[in-house]
Amino acid sequence: MISRRLSRGLAGAAICALAMTGCSSSPDSDSKDKDSTSQDGGGKDGAKPGVEDVDPDDVIVKQDVKVPGSKEDTVTVGIHSLEVKGKTQTLTVVITPHFKSVADDDVISIYDTWGENRFFPQLIDADNLKVYSPISDTYEEWTADSVYTETTNNQPMTAWAVFKAPENDIDSVDIRLQESWPKFTDIPVTES
């Protein structure tokens, strides 16, 4: 007769063995599991994994602005897109610093280009009197990190911010990136 302790140990080992073989099927497996996302190579909607394509030259609009607090440093800021997907909208911005105060190989962050301020863009829906700020969760904003998003002089970097999707049916918004800079106007809102 097998002791109770030994039978529990054998049962546990059998469960572990089954779990491991269930998770290690080969890529050539003929599994017909309808709930498996590996069948379509993506998520529930069949989307495939990929990498966002951000071409620094493919912006909707751009402007050259002075870095707040500096007399000679400037930044080229371009709006790449404002894309609505489900309950959120994502703003993608291309930032190229032109700093005379540093060497070409010195590291420059968004914080530096914003005049030692955080990256906190706002979307303005003037027709409906609404302002959208980046989503915030436990003191963390859903934006590119102002300090650790870096580049070197005259080289573009990409910044992003995620907002709640528009509450009204709108085609465009104005974007305020920095209080001392002119706002971007009539930026199209694109559904993806």
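In the predicted model, Arg-118 and Glu-141 are paired in a salt bridge, their closest N and O atoms lying 2.6 Å apart. The two residues belong to distant parts of the chain, with their positions 23 residues apart in sequence: Arg-118 sits in the loop between helix 2 (110-113) and strand 5 (122-125), whereas Glu-141 falls within strand 8 (residues 140-141). Arg-118 has a relative accessible area of 46% and is partly exposed. Glu-141, at 25% relative accessibility, is likewise classed as partly exposed, because this class covers values between the 20% limit for buried and the 50% limit for exposed residues.

The total for the model is 4 salt bridges. One of the others is formed by the side chains of Lys-130 and Glu-167, with an N to O distance of 2.8 Å. Lys-130 belongs to strand 6 (residues 130-132) and Glu-167 to the loop between strand 10 (157-164) and strand 11 (172-176), so this salt bridge ties together parts of the chain that are 37 residues apart in sequence. Relative accessible area is 23% for Lys-130, which is therefore partly exposed. Glu-167 is also partly exposed, at 46% relative accessibility. A further salt bridge connects Glu-167 with Lys-164, and here the closest N and O atoms are 2.8 Å apart. Through shared partners, Lys-130, Lys-164 and Glu-167 are joined into one network of salt bridges. Lys-164 counts as partly exposed, with a relative accessibility of 45%.

Charged side chains also contribute to a surface patch. Asp-137, Glu-140, Asp-145 and Glu-150 come together on the surface as a patch of negative charge. Membership of such a patch requires over 30% relative accessible area and no salt bridge. Glu-150, one of the members, has a relative accessible area of 44% and is partly exposed; this residue is located in strand 9 (residues 150-152). Thr-151 is placed in strand 9 as well. In contrast to the partly exposed Glu-150, Thr-151 is buried, its relative accessible area being 10%. The side chain of Thr-151 makes a contact of 2.9 Å with the backbone oxygen of Gln-155.

A nonpolar patch is likewise present on the surface. Its members are Tyr-111, Val-147 and Tyr-148, which together present about 330 Å² of accessible area. Tyr-148 is found in the loop between strand 8 and strand 9. With a relative accessible area of 68%, Tyr-148 is classed as exposed.

Two residues other than glycine were examined for their backbone conformation. Leu-129 has a positive phi value, near 55°, and is situated in the loop between strand 5 and strand 6. The relative accessibility of Leu-129 is 78%, which places this residue in the exposed class. For Asp-186, phi is also positive, near 50°. Asp-186 lies within strand 12 (residues 184-188) and is exposed, with a relative accessible area of 57%.

Buried positions include His-80 and Trp-114. His-80 is part of strand 2 (residues 74-85) and counts as buried at 13% relative accessibility. A polar atom of the His-80 side chain lies 3.4 Å from the backbone oxygen of Asp-58. Trp-114 is located in the loop between helix 2 and strand 5, the loop that also holds Arg-118. The two residues fall into separate accessibility classes: Trp-114 is buried, at 1% relative accessibility, whereas Arg-118 is partly exposed, at 46%. Although Trp-114 and Glu-179 are 65 residues apart along the chain, their C-alpha atoms are separated by 10.0 Å.

Definitions and conventions:
Residues numbered from 1 in each chain as written. Predicted model: local features only at pLDDT ≥ 70, side-chain atom pairs only at ≥ 80, totals over all residues. Heavy atoms only, no water. Patch = residues over 30% accessible without salt bridge, like charges linked within 9 Å, V, L, I, M, F, W, Y side chains within 5 Å. Areas by Shrake-Rupley, 256 points an atom, 1.4 Å probe, with all protein chains shown as cover. Lys, Arg positive; Asp, Glu negative; His and termini not counted. Charge placed at Lys NZ, Arg CZ, Asp CG, Glu CD. Helix = DSSP H or I, 4+ residues; strand = E, 2+ residues; numbered from the N terminus. Buried < 20%, exposed > 50% of the residue type's maximum accessible area, 1.4 Å probe, protein only. Polar contact = N/O pair within 3.5 Å; in protein donor to acceptor, adjacent residues only side chain to side chain.
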